[in-house]
Amino acid sequence: MEWNKKTFVIITGASKGIGRTIAVEFSKRVAAGSKFILLARSASGLEESKSLCSPDVVVETLTANLESPDAQKIKNFIAEAAANPDDYERAVIVHNAGSLGNLQRSAKDFEDLDEINNYFNLNVGSMILLNTMFLKAFPKSEKYKRLVINITSLCGIKPFQGFALYCTGKATREMFLKVLALEEPTVKVLNYSPGPVLTDMADEILAGLKCHELRKPFEDLRTNGSYLTPEDTIGKLIQLLESGNFESGDHVDVFDI
Ligand SMILES: NC(=O)c1ccc[n+]([C@@H]2O[C@H](COP(=O)([O-])OP(=O)(O)OC[C@H]3O[C@@H](n4cnc5c(N)ncnc54)[C@H](OP(=O)(O)O)[C@@H]3O)[C@@H](O)[C@H]2O)c1
């Protein structure tokens, strides 16, 4: 993939952490006049991310809670921002927003349907909705290429104790996008697993896992200084996109690049 193209980019969960770094690093590489839509709940976090992006790109922020999204508002926003799709040479959506769920419940302990539904609204349902909005705004065309990046996890392909909802959500997202890759050969799909990254989510894991045995590997990552920074892992993602060394729908782990 060549970066120097006029690109339309939507990034969810762009107010901090990995999503912010994706926005900043992608903005430095795309052609001037590219447009970035940054979405999350925190308006101030989004503004800070925007301030860190290259001044050569147009950045628009959209505050939305993807647990209970106002679908019409988001659809209108995207439709307006992408009113002239042929202005772009590439369109990219990065499904990055995500949450851990209650790490203190084991798989046998989920009995509140609202809790379960809220989790899947954010981590699966909203991703599917946004993906459809994106593909409708950028229908199949000779004018531009389309790329869907899902920020996934090792948890999407391997079970981890304490992470029942997280593992299920990540596995579901991946499978949905693998079907998309099969159905739509002109849409390139990447499920990128960023490895253990030092963000607020890493802190939430330590705060959420009460059982010593389950906490231990995460404490060790910290003690050993083995966590990646968002810049490390997004550097690898950029390297992977440049090489094009994956099949559409693949799950690629940072440590395999
Ligand atoms: N950190 C890791 O070790 C690691 C490892 C593997 C995969 N991942 C994945 O990487 C992605 C980014 O994680 P991160 O580590 O950067 O975590 P983070 O720092 O906690 O960032 C999460 C992002 O998601 C957004 N978000 C959370 N709930 C939301 C909601 N209800 N509506 C809209 N946006 C919401 C947050 O924004 P607001 O709070 O402003 O809404 C924030 O921008 C996640 O999908 C995560 O599963 C992380």
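**Close-up views of a predicted model**

**Figure 1. Arg-20 and its surroundings.** Arg-20 is buried, at a relative accessible area of 16%. In this predicted model, the residue sits in helix α1, which covers residues 17-29. Its 16% counts as buried because the cut-off is under 20%. A polar atom of the Arg-20 side chain lies 2.9 Å from the backbone oxygen of Ser-15. Leaving aside residues up to four places away in sequence, Arg-20 touches Gly-13, Ala-14 and Ser-15. It also touches Gly-45, Glu-48, Ser-49 and Leu-52.

**Figure 2. The ligand and its neighbours.** The ligand is surrounded by 29 residues. Ser-15, Arg-41, Asn-96, Tyr-166 and Thr-199 are the closest. Oxygen atoms of the ligand also pair with polar protein atoms, from backbone and side chain, as follows.
- Gly-13: a backbone N or O atom lies 3.0 Å from a ligand oxygen.
- Ser-42: a polar backbone atom is 2.9 Å from a ligand oxygen.
- Lys-170: an N or O atom of the side chain is 2.8 Å from a ligand oxygen.

Two residues here link back to Figure 1. Gly-13 is one of the residues that Arg-20 touches, and Ser-15 is another.

**Figure 3. Phe-77 in helix α3.** Phe-77 belongs to helix α3, residues 71-81. Its relative accessibility is 21%, so Phe-77 counts as partly exposed. The cut-off for buried is under 20%, and therefore 21% does not meet it. Not counting residues up to four places away in sequence, Phe-77 touches Ile-37, Glu-60, Thr-61 and Leu-62. Take Thr-61: in sequence it stands 16 residues from Phe-77. In space, the two C-alpha atoms are 9.9 Å apart.

**Figure 4. Helix α6 against helix α7.** Helix α6 runs over residues 200-208. Its buried residues are Ala-202, Ile-205, Leu-206 and Gly-208. These buried residues pack against α7, residues 212-223. An α-helix has 3.6 residues a turn, so residues three or four places apart point the same way.

**Figure 5. The second largest pocket.** This pocket has a volume of about 310 Å³. Its lining holds 14 residues. Arg-90, Lys-145, Arg-146, Thr-186 and Lys-188 lie nearest the centre. Strand β5, residues 145-151, gives the most to the lining, with three residues. By class, the lining residues are five nonpolar, three polar and six charged.

**Figure 6. The largest cavity.** The whole structure holds two cavities of 30 Å³ or more. The largest has a volume of about 40 Å³. Its lining includes Thr-12, Leu-66, His-95, Asn-96 and Ala-97. Leu-122, Ser-126, Met-127, Leu-130 and Arg-173 line it too. Helix α4, residues 113-137, supplies the largest share, four residues. Five lining residues are nonpolar, four are polar and one is charged. Asn-96 appears in this lining and is also among the residues closest to the ligand.

**Figure 7. The second largest cavity.** About 30 Å³ of space lies in this cavity. Met-1, Trp-3, Thr-7, Val-9, Phe-26, Val-30, Val-92 and Leu-147 line it. Seven of these residues are nonpolar and one is polar. None is charged.

Terms used:
Residues are numbered from 1 along each chain as its sequence is written. This is a predicted model: local features need pLDDT of at least 70, side-chain atom pairs count only at pLDDT 80 or more; totals for chains, interfaces and linings use all residues. Side-chain values use heavy atoms; hydrogens and water are left out. On a 1 Å grid over the protein atoms alone, a cavity is a set of points where a 1.4 Å probe fits but cannot get out, and a pocket is an open set with protein on both sides within 12 Å along at least five of seven lines; lining residues have an atom within 4 Å of a point. Grid points are joined across faces, edges and corners, and a volume is the space filled by probe spheres set on the points. Helices (H or I, at least four residues) and strands (E, at least two) are DSSP runs, numbered from the N terminus. Ala, Val, Leu, Ile, Met, Phe, Trp, Tyr, Cys and Pro count as nonpolar, Asp, Glu, Lys and Arg as charged, and the others, Gly among them, as polar. Buried means under 20% relative accessible area, exposed over 50%, partly exposed in between (1.4 Å probe, protein chains only). A polar contact is a pair of N or O atoms within 3.5 Å; within protein, one must be able to donate a hydrogen and the other to accept it, and residues adjacent in sequence count only if both atoms are side-chain atoms. Contact means heavy atoms within 4.5 Å. A residue is near a molecule or strand if one of its heavy atoms lies within 4 Å of it.
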